[in-house]
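Reader: Hello! Could you take me through one part of this model, the place where the two chains meet, and tell me what lies there?

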Amino acid sequence: MKKIVFAFIFFIACFQINAQDFAKRLTEAKAAYSSGKLDDSRFAMEQMLQELDVITGKEVLKILPAKMGDKSANAKADNVTGSSGFFGVIIHREYGTVDSSNIDLEIISNSPLISSINAILSVPFMGASGDNKIIKINGYKALVEKVAGPNERTDYEIQLPLNSALITFKAPGYSQDDVIKMANTLPVEDIAKMLQ
Amino acid sequence: MLIPRILTCFSIALLTCSTSNSQGILKKIKDKAQQAADKVVDKKIDNAVGVDNNNSNPNSNSPDMSNVGRSGKPSNKTGEGLISTPPNVNENLTSAETSFKAGKYSDARYAVRQAMLGVQMEIGKNILAGLPETISGLKKDATTDQVTSAGWGMGWSGLTIQRDYKDGDKQLSFTIANNAVWMQAVNMYFNNGGYMQTSGGDQKWKQIKVQDEKSIIEFDASSGYKLSVPVGQTTLLVYEGINFTNEQDFMTAINQINIASIKKQLGEK
């Protein structure tokens, strides 16, 4: 219980810091623009976008399921990396505490892989190869892929494109049906709205 | 024992065929009924709006379909295009602040990107205004002036500024790419030992310095001269010269564009 309270306080404190940074950058952007320093204004706006990306990422983490199958979310491993521009924001969540069998969830906005995944989803015969299968997760098209696990085990990964974002869900050691069932607990529509 | 089985199979096959046939007939009847109903509805609508479809007179008020394309759509002959209005920076920053305070982060992000787009367009226009009117007797072609920005977030292209100078078939095209990811490719020439300059054979490119900046000059018989100058951390200047007499002629033209001034406006060191 103490841990949860601590995590909550830490989360709120981080959000406050980001919110303050955003307000500070906004003031800088306005001041620089008014004085004709266009490049400084632009730089402040880039910083604002990074702050926004991080805040959005933390908001997305809040709405993710607390449990996935038999594993609880590992709050310590929650991570949001805002690298506005090339990749956008990377949101990372793990379920479980044993590295080798953790369920990993990664959401990357502005992912460069998005066009290739969309191409596979649009052309059925490309997606329906031996190792890939097109499925639906909460009404959104996604690709489930066979990957080689340790000791010749077959693992499964799901990739779900959302506009320019890409959700990757990895659950080593689970059957394909279990992986799909777990992925269906993700609030995909809400994530899409937050990242648009 | 075998005969009853054969008879059973035959009966099932017959039943299936007759079912599919009757389904086909039913579908045809349904389609015909639908077509007839559509015709009646269309006629009623035409009567209501005053269109006479039976009029075959070429002088009637029916639209000119002489340029009808394969898809049946008439080709467009008018329209002044879109108005190029850069987003208002102050308005979008205020909107970003309001959205942020209301917890609408997606809207705030959109507004910041719009504000950034507005600033980038302004930077581009200022740079174009600072470029010479003529270079080596070539006049600027204002119609091809272009500032392109995807705002921040697309990342690939950033801000692109273009200006052409022309006189007859001689042309100098100048492009500035700012915040461009692909400028890394040019930096690779300088950093990678694999791209070595050769002294023998056909010299396609070489490294030179232009206004104290390292650069690469290339020549191709069909496309002419090309100079690429990476400046600062994220900017690439590209000059392309068509029908220049020689390298010296091309370099004289290029040196009339002040790189230091462009760097300053783009915030490059």
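Author: Happy to. In this predicted model, 27 residues of chain A are in contact with 22 residues of chain B. On the chain A side, at least two residues each come from α1 (2-34), α2 (38-63) and α6 (188-195). The biggest share belongs to α2(A), which gives 14 residues to the side that touches chain B. If you sort the residues on that side of chain A by class, you find 13 nonpolar, seven polar and seven charged ones.

A good residue to click on next is M48(A). Leaving aside residues up to four places away in sequence, M48(A) touches F22(A), R25(A), L26(A) and A29(A), and also V112(B) from the other chain. M48(A) and V112(B) turn up again in the largest nonpolar core, a set of 80 residues. Together with M45(A) and A115(B), they are the members that touch the most other members of this core. As for helices, α3 of chain B, residues 105-130, gives the most to the core, with 10 residues.

It may help to set this beside chain A as a whole. Chain A has six helices and nine strands, and buried residues make up 33% of its 196 residues. Among the contacts in chain A with a separation of 6 or more, 48% join residues 24 or more positions apart. So much for the background; to return to the meeting place itself, α2(A) is a friendly place to begin your own tour, with its 14 residues on the side of chain A that touches chain B.

Conventions. Residues numbered from 1 in each chain as written. Chains lettered and ligands numbered in written order. Predicted model: local features only at pLDDT ≥ 70, side-chain atom pairs only at ≥ 80, totals over all residues. Helix = DSSP H or I, 4+ residues; strand = E, 2+ residues; numbered from the N terminus. Buried ≥ 20, exposed ≤ 12 C-beta atoms within 10 Å, placed from the backbone. Contact = placed C-beta atoms within 7 Å. Nonpolar A, V, L, I, M, F, W, Y, C, P; charged D, E, K, R; others polar. Core = buried A, V, L, I, M, F, W, Y, C linked by C-beta atoms within 7 Å.
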